[in-house]
Amino acid sequence: MATVHLRIGDLVWGKLGRYPPWPGKVVSPPKDLKKPRGKKCHFVKFFGTEDHAWIKVEQLKPYHPHKEEMIKINKGKRFQQAVDAVEDFLKKAKGKEQNSDGKGDSKGKKTPSKPLKILEEDDEDLSALKDPSEKPVKDDPHFHHFLLSQSEKPASSMEPISKRLKIIEEDTGSTSIQAADSTAINGSITPTDKRIGFLGLGLMGSGIVSNLLKMGHVVTVWNRTAEKCDLFIQEGARLGRTPAEVVSMCDITFSCVSDPKAARDLVLGPSGVLQGIRPGKCYVEMSTVDPETITELSQVITSRGGRFLEAPVAGSQQLSNEGMLVILAAGDRTVYEDCSSCFQAMGKTSFFLGEAGNAARMMLILNMVQGSFMATIAEGLTLAQATGQSQQTFLDILCQGQMASTFVDQKCQNILQGNFKPDYYLKHIQKDLRLAISMGDMANHPTPMAAAANEVYKRAKALDQSDNDMSAVYRAYIH
């Protein structure tokens, strides 16, 4: 969005994180609420939800010039309710103007707005949500304020660590725009003082490293293709010549590579991770691999006195860039806790799932479902075409029903536009399906739907679609 010049009271479209532009009004922030450092932004109250947030100026558009454009691209019921709330506001404002011109009996009295109360340290359940530099604003029934989560730790193995921007809200029946991307409030994370290493700068790794650097972490990078490191060196990263050197220089080293073979080679190969492991060094495997690979890597790392955590991520390149991944972790719980600020920088939520191998299992199940779903959607689109139905109408109907989601909308629109730029490689989702099927075989559990989807992806690979997005599975049905 282009930068605009706005004043208090202006109606706008504000975009926060991965959520669509939403109608709002520029308002004055509470006196005790500090403006985010280093960011030119406005405090916006959103219509229909009564939520408030700081929005960067480049993520704001004037309301009236862009109204028709926004209505065309956003069709949801809650969105329409928000637009209706804007129109009601404009009608009331017009009525007040007429009364002020002597056409009504208004005496100029203003309805007092509800005060925005300040949370104190002893307020219930909020002791972990304070930022030392700010006083958070208390939630009244019509105000949801983003608060900083500095030190939350899960009470059970399945409980998520919240993203650093936490929404505190009462049960009012309204739905918040609960976006909280990694750039929403500058300085909202206190980065660990541990030295961070990162191996692998592919689609996912690049976004992760960028967010680690933005949030103030000290990062040393390595990639098999060294040229990919240049951009991050310019952003402040340090360069490691080999995986072993990175591990020896850093306290916690993350890796994110393509498959089990690449993960093993990185650890066990020449100048690999294992050569740099010393007692106390932490190694975090973020690649989506099978549980057996995780068990092997965990054993060799810990045999050298190292500490091991697996932490594959659910998401895409876009979500990686936005710091909105979901991290699934398992292994050494103390490493998980040491990685807290890193996980907050790269993701919106992280889960600790117990012993090493559990995260790999959960990740393969999730990707099995996603891959099978994508193949089914592609099958539906092509069947619609084959039977003389409009593919766009099929998508419009789909996006108004129970299966409506950003994933469905984006993937289908890209298919209809012939845009298969990779957000998640087709070859990787096929690999995940293959590993999930194998995991099912070992557990003596049937996976016929995944097996059928896997065959379609294999055909797409044979059609040279490996390096395109997973949505290119569509082409397996039309060739």
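**Entry 1: strand E1**

I started with strand E1 and asked which of its residues are buried. Leu11 and Trp13 are buried on one side, and Val12 and Gly14 are buried on the other, so both faces of E1 are covered. A reminder to myself: side chains in a regular strand alternate between the two faces of the sheet. I should also note that I am looking at a predicted model.

Next I looked up the partners of E1. Strand E1 covers residues 11-14 and strand E2 covers residues 22-26; the two run antiparallel and are joined by four bridges. I picked out Leu11, whose bridge partner in E2 is Lys25. Gly14 stands opposite Trp22 in E2. Then I turned to E5, which is joined to E1 by three bridges, again running antiparallel. On that side, Gly14 stands opposite Leu60.

**Entry 2: the whole sheet**

In what order do the five strands of this open sheet come? I read the order as E4-E3-E2-E1-E5, with antiparallel pairing. Strand E4 (52-56) and strand E5 (60-62) are at the edges with a single partner strand each, so one side of each has no neighbour in the sheet. From one strand to the next, the twist averages 45°. I also reminded myself that strands of a sheet pair through backbone hydrogen bonds.

**Entry 3: helix H6**

I moved on to helix H6, residues 260-268, and found Pro260, Ala263, Leu266 and Val267 buried. Why do they share a side of H6? These residues cover an arc of only 130° around the axis, and that puts them on the same side of the helix. At the start of H6, I found a side-chain oxygen of Asp259 within 3.2 Å of the backbone nitrogen of Lys261.

**Entry 4: Val289**

Val289 sits in the loop between strand E13 (282-285) and helix H8 (291-303). Is Val289 buried or exposed? Its relative accessible area is 1%, so Val289 is buried. I then listed what Val289 touches, leaving out residues up to four places away in sequence. The list includes Asp259, Pro260 and Ala263, which I had just met at H6, and also Ile294, Ala360, Leu364 and Leu435. I checked Val257 too: Val289 and Val257 are 32 residues apart in sequence, while their C-alpha atoms are 9.4 Å apart in space.

**Entry 5: helix H15**

Leu435 led me to helix H15, where it is one of the buried residues. How many of the 17 residues of H15 are buried? I found twelve, so this helix is mostly covered. Among them are Leu426, His428, Ile429, Lys431, Asp432, Ile437 and Gly440. The buried residues of H15 pack against H6, H8, helix H12 (358-386) and H16.

I also tried a length check on H15. At 1.5 Å a residue, its 17 residues should span 24 Å, and the end C-alpha atoms are 25 Å apart, which agrees. Just after H15, Asn444 takes a positive phi of about 55°.

**Entry 6: Thr447**

My last stop was Thr447, in the loop between helix H15 (426-442) and helix H16 (448-462). Its relative accessibility is 16%, and buried means under 20%, so Thr447 counts as buried. Which residues is Thr447 in contact with, leaving aside neighbours within four places in sequence? I found Met368, Ile437 and Gly440. Two of these names were already in my notes: Ile437 and Gly440 are among the buried residues of H15.

Definitions and conventions
Residues numbered from 1 in each chain as written. Predicted model: local features only at pLDDT ≥ 70, side-chain atom pairs only at ≥ 80, totals over all residues. Heavy atoms only, no water. Pairing = 2+ DSSP bridges. Axes fitted to C-alpha atoms, helices over the stretch in contact; angles between N-to-C directions. Buried < 20%, exposed > 50% of the residue type's maximum accessible area, 1.4 Å probe, protein only. Arc of directions from axis to C-beta. Polar contact = N/O pair within 3.5 Å; in protein donor to acceptor, adjacent residues only side chain to side chain. Contact = heavy atoms within 4.5 Å. Expected span 1.5 Å × (residues − 1).
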